[in-house]
Amino acid sequence: MAQIIFLVVLIGGALLLYRRFISDAEKLSARARQERKEKETGATGTLVKDPETGEYRLKKDDEV
């Protein structure tokens, strides 16, 4: 019985690590794609419209 519990915990931990890895890889891929697009167009950043004020500002690195 203890071996089954250990195996379930081990598989659960591996699944969580795998999901985190995939999530981080997707974020990294999206950031690289955005940087590549900016380099192709010669842009120095991406503008994002602020919904409250209606003004545009540069997109921060940690934003999606």
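This passage describes the fold, overall dimensions, surface and selected residues of a predicted model.

The secondary structure of the chain consists of one helix and two strands. Read from the N terminus, these elements follow the order α-β-β. The helix, H1, covers residues 2–41.

The overall dimensions were examined next. The C-alpha trace spans about 60 × 30 × 10 Å along its principal axes. The radius of gyration of the chain is 20 Å, whereas a compact globule of 64 residues would have a value near 11 Å. Within helix H1, the residue Leu7 offers an example of a long separation: its C-alpha atom lies 41 Å from that of Gln34, and the two residues are 27 positions apart along the chain. A second pair involves Glu35, which also belongs to helix H1. Glu35 and Thr46 are eleven residues apart in sequence, and the distance between their C-alpha atoms is 9.6 Å.

Burial was then considered. Of the 64 residues, 2% count as buried. The accessible surface of the chain amounts to about 6,300 Å², and 61% of this area is supplied by carbon and sulfur atoms. Three residues of helix H1 illustrate how individual positions are classed. Val8, located in this helix, has a relative accessible area of 55% and is therefore exposed, since the exposed class begins over 50%. Leu7 has a relative accessibility of 46%, so this residue counts as partly exposed. Glu35 is likewise placed in the partly exposed class because its relative accessible area is 48%. Both of these values fall in the range between under 20%, which is buried, and over 50%, which is exposed.

Val8 also takes part in a surface feature. Together with Met1, Ile4, Ile5 and Val9, this residue forms a nonpolar patch on the surface. The accessible area of the five side-by-side listed members, Met1, Ile4, Ile5, Val8 and Val9, is about 550 Å² together.

Finally, the charged residues were compared by position. The chain carries 12 positive and 11 negative charges. The mean position of the positive charges and the mean position of the negative charges are 5 Å apart.

Key: Residues are numbered from 1 along each chain as its sequence is written. This is a predicted model: local features need pLDDT of at least 70, side-chain atom pairs count only at pLDDT 80 or more; totals for chains, interfaces and linings use all residues. Side-chain values use heavy atoms; hydrogens and water are left out. Helices (H or I, at least four residues) and strands (E, at least two) are DSSP runs, numbered from the N terminus. The radius of gyration is taken over C-alpha atoms; the globule rule is 2.2 Å times the number of residues to the power 0.38. Buried means under 20% relative accessible area, exposed over 50%, partly exposed in between (1.4 Å probe, protein chains only). Accessible areas come from the Shrake-Rupley method with a 1.4 Å probe; for residues, only the protein chains shown count as cover. Lys and Arg count as positive and Asp and Glu as negative; His and the chain ends are not counted. The place of a charge is taken as NZ of Lys, CZ of Arg, CG of Asp or CD of Glu. Patches are made of residues with over 30% relative accessible area and no salt bridge: like charges are joined within 9 Å, nonpolar side chains (Val, Leu, Ile, Met, Phe, Trp, Tyr) within 5 Å. A salt bridge is a side-chain nitrogen of Lys or Arg within 4 Å of a carboxyl oxygen of Asp or Glu.
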